[in-house]
Amino acid sequence: MKKIKVAVCDDEKNIRAILSALVREQDKECEITEYASAEEYLSDDAECDILILDIEMGRSGSSINGMELAGKIRGGDAAGQPVIIFVTGYEDYVYDAFDVGAFQYLLKPVDEERFADVFGRALQSRMETSPRKRMLTIQYAGVTKTIPLDQIYYMESQNHKIVIHHREGELEYYAKMGDLEKELQGQFFRVHKGYLINLAFVDEYSRTEVTLASGDRILISKYKYQDFTKAYLRFMQ
């Protein structure tokens, strides 16, 4: 059976040791890698299933704290992103943690039972999502084409056609936005009558627009904002 890859990123050596020990106590064979800074994690360029991340990193010279690292991760390739569990000494960070798609957060000193519960649910979440690679099948230029959803930034309605904005550029085909909205609900959200965005690529948002990892800025209808924020939090959790 494949080992679960766990990364522990904390600038305090003793905390890393405690968290790694807690992982080893769980009823799952894990491969654990420790990182003393966000820079060390980024330079390793390794994939992991679960990232246990200290929010307050930076005390020992790191220029990037845990929240910023999580933002960089969420702004990258949507495929294979880890489940993020934050550890923090302050409850004040909880809402910021969910803004960058944290699965859950743990307060220091970390309670063993609480850790086991959160880690178990994170593991279940990872196992449920990792095997799936959802695809969109379309009729384009006389052929049937499949596009992985994790390559699509957003879709735009133009003159009775749908323009797919994805990693390789743009692609137009005939379809109805309403049908796509129903088919892709959960991972995509219609923020405006003409735009259906991939929630996995949301970088930041305000009441008036969403900025995607591609750099595109998409308007949010004022009537859609509350539903969008709820859908985004559900997706990231």
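User: Which exposed residues does the face of H1 turned away from its buried side carry?

Analyst: This is a predicted model in which local features need pLDDT of at least 70, side-chain atom pairs count only at pLDDT 80 or more, and totals for chains, interfaces and linings use all residues. Residues are numbered from 1 along each chain as its sequence is written, and side-chain values use heavy atoms, with hydrogens and water left out. Buried means under 20% relative accessible area, exposed over 50%, and partly exposed in between (1.4 Å probe, protein chains only). On H1, the face turned away from the buried side carries the exposed residues Lys13 and Arg24.

User: How large an arc around the axis do the buried residues of H1 cover?

Analyst: The buried residues in H1 are Ile15, Arg16, Leu19, Ser20, Leu22 and Val23. The arc is taken from the directions from the helix axis to the C-beta atoms. These residues lie on the same side of H1 because their arc is only 160 degrees.

User: How far apart are the end C-alpha atoms of H1?

Analyst: Helices (H or I, at least four residues) and strands (E, at least two) are DSSP runs, numbered from the N terminus. The expected span of a helix is 1.5 Å times one less than its number of residues. For the 12 residues of H1 that gives 16 Å, which agrees with the distance between its end C-alpha atoms, 17 Å.

User: Which element gives the most residues to the largest nonpolar core?

Analyst: A nonpolar core is a set of buried Ala, Val, Leu, Ile, Met, Phe, Trp, Tyr and Cys residues joined through side-chain atoms within 4.5 Å. The largest has 20 residues, and Val6, Leu19, Val23, Ile50, Ile52, Phe115 and Phe119 touch the most other members. Strand S1 (4-9), helix H1 (13-24), strand S3 (50-54), strand S4 (83-88) and helix H5 (112-129) each give two or more residues to this core. The most, five residues, come from H5.

User: With which residues is phenylalanine 119 in contact, leaving aside its neighbours within four places in sequence?

Analyst: Contact means heavy atoms within 4.5 Å. With those neighbours left aside, the partners of phenylalanine 119 are Val6, Val23, Gln26, Cys30, Ile50 and Ile85.

User: Is alanine 38 buried or exposed?

Analyst: Alanine 38 has its place in helix H2 (residues 38-44). A second, separate core of 18 residues includes Ala38, Leu69, Ala70 and Ile84. Because its relative accessibility is 0%, alanine 38 counts as buried.
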